Amino acid sequence: MTRPTRRTVLGAGLAVAGTGLLTACSGGDTGHASHGSGASAPTGDYITPDSKEISATEALRRPGPERRFKLTAVETPLDLGGGRTVRSWAYGDELPGKEVRVTAGDTLALTLANHLPEATSIHWHGLALRNDMDGVPGLTQRDVRAGGSFQYRFAVVHPGTYWFHPHSGVQQDRGLYAPLIVEDPKEPLKYDKEWVVVLDDWVDGVDGSTPDAVLAELGKGMGGMDHGGHSGGMEGHGMSGMSTANPTSPSPAPSSPSRMLMGATSDLLGGDAGDVGYPHYLVNGRTPENPQTFTARPGDRIRLRIINAGGDTAFRVALGGHQLTVTHTDGFPVEHTRADALLLGMGERLDALVTVGSGTFPLTALAEGKSRTALAVLRTGGGAAPTASVRPRELDGKVVHGGQLKAAESVRRESSPPDRTIEFELTGSMTAYDWAVNGKRYDPAQRYGVRSGERVRLAFVNSTTMWHPMHLHGHTYALSGGGARKDTSIVLPGKRLEVDFDADNPGLWMVHCHNVYHAEAGMMTVLGYLK
């Protein structure tokens with residue numbers, strides 16, 4: 001690739017000290033930030049991860065008992081089931097990594113040992129935590145170098161379903177992810193069992209593929225390719241040598257397979273469904289040919305905690321023979337909503353309750369628009385296990401996603417006009433693979449300023465022909481009209497999504513697309529608290 005990626009922009013020789021703060025973390029332009037009137041936001045120095053305000057805010061959280069964990073990032077063989085083993089990077093030798101479980105009010109203290117051949121980090125997806133523990137190299141901390149270690153230590157305030165992964169290049173699209181479950185000491189839900197379901201799309205180690213090679217292929221764009229008589233941009237469907245949603249010709253040679261996906265479309269996603277044709281789709285690290293089996297008794301009430309850890313794939317999830325009752329999205333409770341199937345973009349989480357019948361049932365995760373599925377099995381009695389190709393009829397029933405849900409009264413934000421509105425135009429195309437925010441690829445020195453105590457409105461305006469799951473670090477926002485509290489939301493092509501958050505967690509915070517390849521190409525920016 002000739003253009004710089006996020007990692008090369010940050011560089012390897014940054015002069016940092018203490019918590020790992022960049023010299024670029026102070027000063028700078030507030031860019032397109034605006035008040036509701038459209039006036040320019042005030043300029044000034046930014047609160048940085050080593051500022052006194054970070055520790056002061058953490059003290060207000062009244063950190064509780066310390067829960068200690070150790071985690072090692074390693075290169076290791078991973079068994080995906082069905083006799084298929086790949087070599088990848090993971091936390092220990094498990095996929096997903098071993099669950100971390102704490103109680104709201106605890107202090108989480110996790111030491112990461114990096115045994116990988118390159119630097120890494122951990123981002124705690126969805127948590128409102130202290131800024132210097134957010135895990136973004138070059139912005140909130142130094143890289144955890146190869147052979148080095150780092151202790152993440154912070155108060156955990158809000159209960160819910162979360163997860164963690166690197167914020168270093170495209171490492172997330174390897175096996176470096178794991179669930180983080182924060183239990184509620186006053187849990188209002190009643191259930192018998194809990195099933196944590198982690199969804200993923202998998203390419204690493206298959207026929208020589210790596211996420212970095214996929215990024216390099218995508219980064220060439222489509223402008224200079226032989227389109228076989230088709231026009232450029234998003235219309236080049238069915239191109240020779242590329243993955244297609246319903247291939248009609250043999251795959252490319254195993255020595256150098258193309259992973260660029262053409263022809264994947266979804267009405268639920270507003271058109272184009274994704275960039276990457278993955279060879280495997282997984283539930284809890286297993287292929288459909290050898291799925292995980294979860295056992296329960298007939299009549300048990302099960303809480304599903306579903307996490308989309310994929311890199312480029314939205315999943316539509318259904319449990320054959322059952323309806324689901326959605327109770328939470330992105331960790332926060334919602335008004336209970338019945339659904340046949342659930343739609344999750346990358347980074348999103350949904351919790352649901354289900355009272356299970358007697359028998360053996362497929363939990364199927366359809367790779368939305370890609371005509372492939374992942375599978376797990378729920379067994380409460382006899383019956384043959386479902387096959388890999390099973391498609392429960394519930395997939396075609398009532399589909400619910402986070403943008404449709406209403407916040408539970410206990411977490412609903414009072415409606416009030418924003419003190420500041422910041423507009424983020426999502427730009428770019430497959431033709432040049434130039435994904436960006438407001439036409440600018442990621443630069444850690446480019447910030448959009450906010451002040452503590454403000455109600456801030458973020459307006460995501462999608463000017464592209466693809467959907468983008470947009471994620472805000474360090475905060476949760478409220479969807480309009482009493483909508484759910486979330487940290488990651490699908491923004492459909494040609495649409496505008498407005499969300500409001502309270503600026504109550506000072507520091508420098510990423511806002512980015514959670515398609516790992518769009519983000520790495522440049523669709524990321526920074527919100528910064530002004531001093």
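# Exercises on burial, pairing and packing

Glutamate 66 is partly exposed, with a relative accessibility of 29%. This value, like those below, comes from a predicted model.

## Exercise 1. Salt bridges and accessibility

Task: Identify the salt-bridge partner of glutamate 66, and state whether that partner, arginine 68, is buried or exposed.

Solution.
1. Glutamate 66 forms a salt bridge with arginine 68, and their closest N and O atoms lie 2.5 Å apart.
2. Arginine 68 has a relative accessible area of 67%. Exposed means over 50%, so arginine 68 is classed as exposed.
3. The salt bridge therefore joins a partly exposed glutamate 66 to an exposed arginine 68.
4. A further example is the salt bridge of lysine 52 with glutamate 53, where the closest N and O atoms are 3.7 Å apart. Lysine 52 is exposed at 66%, whereas glutamate 53 is partly exposed at 25%.
5. The structure holds 33 salt bridges in total.

## Exercise 2. A salt bridge between distant parts of the chain

Task: Determine which strands hold glutamate 194 and arginine 305, and assign each residue to its accessibility class.

Solution.
1. The side chains of glutamate 194 and arginine 305 form a salt bridge with an N to O distance of 2.9 Å.
2. Glutamate 194 belongs to strand S10 (residues 193-202) and arginine 305 to strand S17 (residues 301-308); the pair is 111 residues apart and links distant parts of the chain.
3. Glutamate 194 has a relative accessible area of 22%, which makes it partly exposed. Arginine 305, at 2%, is buried.
4. Both residues belong to a network of salt bridges that also includes Glu99, Arg101, Glu183, Glu187, Arg303 and Asp351.

## Exercise 3. Strand order and pairing

Task: Give the strand order of the open sheet of four strands, and name its edge strands.

Solution.
1. The order is S4-S9-S8-S6, and the pairing is mixed.
2. Strand S4 (100-103) and strand S6 (123-125) each pair on one side only, and are thus the edge strands.
3. From one strand to the next, the twist averages 25°.
4. S4 pairs with strand S9 (residues 178-183) in the parallel sense, over four bridges. Within this pairing, valine 100 has leucine 180 in S9 as its bridge partner.
5. For contrast, strand S30 (residues 468-472) and S33 pair in the antiparallel sense, over four bridges. Here methionine 470 has serine 489 in S33 as its bridge partner.

## Exercise 4. The two faces of strand S33

Task: Sort the residues of strand S33 (residues 488-491) by the way they point.

Solution.
1. In a regular strand, side chains alternate between the two faces of the sheet.
2. In S33, Thr488 and Ile490 point one way, while Ser489 and Val491 point the other way.
3. All of these residues are buried.

## Exercise 5. Nonpolar cores

Task: State how many residues the largest nonpolar core has, and which strand gives the most to it.

Solution.
1. The largest nonpolar core has 107 residues, and those with the most contacts inside it are Leu108, Trp124, Leu342, Leu458, Tyr517 and Leu527.
2. Strand S23 (residues 360-367) gives the most to this core, contributing four residues.
3. A second, separate core has 15 residues, among them Leu80, Tyr177, Val196 and Leu282.
4. Apart from neighbours within four places in sequence, leucine 108 contacts residues including Val100, Val102, Trp124, Phe154 and Leu180.
5. For the chain as a whole, buried residues make up 60% of the 531 residues.

## Exercise 6. Two local environments

Task: Decide whether threonine 373 is buried or exposed, and locate glycine 397 relative to the strands around it.

Solution.
1. Threonine 373 lies in strand S24 (residues 372-379).
2. The relative accessible area of threonine 373 is 10%. Buried means under 20%, so threonine 373 is buried.
3. Leaving aside neighbours within four places in sequence, the contacts of threonine 373 include Tyr281, Pro288, Leu366 and Arg391.
4. Glycine 397 is in the loop between S24 and strand S25 (399-401). At 32% relative accessible area, glycine 397 is partly exposed.
5. The C-alpha atoms of glycine 397 and glutamine 323 are separated by 9.7 Å, although the two residues are 74 residues apart along the chain.

Conventions
Residues are numbered from 1 along each chain as its sequence is written. This is a predicted model: local features need pLDDT of at least 70, side-chain atom pairs count only at pLDDT 80 or more; totals for chains, interfaces and linings use all residues. Side-chain values use heavy atoms; hydrogens and water are left out. Two strands pair if DSSP finds at least two bridges between them. Axes are lines fitted to C-alpha atoms, for helices over the stretch in contact, and angles run from 0 to 180 degrees between N-to-C directions. Buried means under 20% relative accessible area, exposed over 50%, partly exposed in between (1.4 Å probe, protein chains only). Contact means heavy atoms within 4.5 Å. A nonpolar core is a set of buried Ala, Val, Leu, Ile, Met, Phe, Trp, Tyr and Cys residues joined through side-chain atoms within 4.5 Å. A salt bridge is a side-chain nitrogen of Lys or Arg within 4 Å of a carboxyl oxygen of Asp or Glu.
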